[in-house]
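Please look through the sequence and the model before reading on. The text below is meant to be read with both in view.

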Amino acid sequence: MDAVMTESTGSKLKWLWLAVLVIAIDLGTKAIATAMLTYGDPVPVLPSFNLTLLHNTGAAFSFLADAAGWQRWFFVALAVVVSVVLVGWLRKLKADETWTAIAIVLILGGAIGNVYDRVVHGYVVDFLHFYWQDWHFPAFNLADTAITIGAAMMIIDAFRKPAGASGDADRSN
């Protein structure tokens, strides 16, 4: 029975190494940015791109950054719940769902990288800062990048799968 189940589901948990890699690179680059950059002082790298050390107490794009502090533990709890759900989803993937597995572990690695910051520092370290003239995109980090790439992969996957493929709900409704 176990052999049949493993054959049909494939063990996509083997992709967790990618989440660990995302976490290691994310935390490493945040440590380097914290050690080498002065808070709020942009370091020009390319036209329209600076390295700027910032601390984000909110969510994506500083959402809720001005809240009274409750958001720290709310976002920690949310990331833990999402991480458990993602690992459960990863375990249930079929052998041919590698694209989805990679998307899930990218999101998982990014979420854990940012939750580490929230628990240890009380904020997320951001340092990648893109801008055009007077328009500035909110600073972000490599964990945010991994989450965004994983989410984009899931969106692409939703459009590239035919209706009813891989056990998905019937998309013709």
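The paragraphs that follow go from the overall layout to the strands, the aromatic rings, the surface and the salt bridges.

This is a predicted model, in which local features need pLDDT of at least 70 and side-chain atom pairs count only at pLDDT 80 or more, while totals for chains, interfaces and linings use all residues. Residues are numbered from 1 along each chain as its sequence is written, and side-chain values use heavy atoms, with hydrogens and water left out.

The protein contains five helices and four strands. Helices (H or I, at least four residues) and strands (E, at least two) are DSSP runs, numbered from the N terminus. Followed along the sequence, their order is α-α-β-β-α-α-β-β-α. Of the 173 residues in the protein, 36% are buried. Here buried means under 20% relative accessible area, exposed means over 50%, and partly exposed lies in between (1.4 Å probe, protein chains only). A contact means heavy atoms within 4.5 Å. Among the contacts in the protein with a separation of 6 or more, 66% are between residues 24 or more positions apart.

Now to the strands. Two strands count as paired if DSSP finds at least two bridges between them. Strand β2 (residues 49–56) pairs with strand β3 (residues 124–132) in the antiparallel sense, over six bridges. In this pairing, histidine 55 stands opposite valine 125 in β3. Strand β3 also pairs with strand β4 (residues 135–136), again in the antiparallel sense, over two bridges. Tryptophan 132 has tryptophan 135 in β4 as its bridge partner. The hairpin of β3 and β4 has two residues between the strands, and glutamine 133 takes a positive phi near 55° there. In a regular strand the side chains alternate between the two faces of the sheet.

The aromatic rings come next. How many aromatic pairs does a search of the whole structure find? The search finds six. Rings of Phe, Tyr and Trp (its six-membered ring) pair if their centres lie within 6.5 Å; planes under 30 degrees apart count as stacked, over 60 as edge-to-face and the rest as tilted. The pair of phenylalanine 74 and phenylalanine 75 is edge-to-face, because the ring centres are 5.3 Å apart and the planes stand at 65°. Phenylalanine 74 is partly exposed, at 41% relative accessibility, whereas phenylalanine 75 is buried, at 11%. Tryptophan 135 and phenylalanine 137 make a tilted pair, with 6.0 Å from centre to centre and 55° between the planes. Phenylalanine 137 is partly exposed, at 29% relative accessibility. Ring pairs also join residues into a cluster, made up of Phe49, Phe130, Trp135, Phe137 and Phe140.

On the outside, the accessible surface of the protein comes to about 10200 Å², and carbon and sulfur atoms account for 70% of this area. Accessible areas come from the Shrake-Rupley method with a 1.4 Å probe; for residues, only the protein chains shown count as cover. Trp70, Phe74, Leu78 and Val82 make a nonpolar surface patch of about 380 Å². Patches are made of residues with over 30% relative accessible area and no salt bridge: like charges are joined within 9 Å, and nonpolar side chains (Val, Leu, Ile, Met, Phe, Trp, Tyr) within 5 Å. One member of the patch, valine 82, is found in helix α3 (residues 70–92). Valine 82 is partly exposed, with a relative accessible area of 34%.

The last topic is charge. The structure holds three salt bridges, a salt bridge being a side-chain nitrogen of Lys or Arg within 4 Å of a carboxyl oxygen of Asp or Glu. Aspartate 26 and lysine 30 form one of them, at 2.8 Å from N to O. These two residues are four apart in helix α2 (residues 16–36), so about one helical turn separates them. Aspartate 26 is buried, at 0% relative accessibility, and lysine 30 is buried, at 2%.

Which residue forms a salt bridge with lysine 30 at 2.9 Å between the closest N and O atoms? That residue is aspartate 117. Aspartate 117 lies in helix α4 (residues 98–121) and lysine 30 in helix α2, so the pair ties together parts that are 87 residues apart in sequence. Both aspartate 117 and lysine 30 are buried. Salt bridges thus link Asp26, Lys30 and Asp117 in a network.

Arginine 160 and aspartate 157 also meet in a salt bridge, at 3.1 Å from N to O. They are three residues apart in helix α5 (residues 142–160), so about one helical turn lies between them. Arginine 160 is partly exposed, with a relative accessible area of 49%, whereas aspartate 157 is buried, at 7% relative accessibility.
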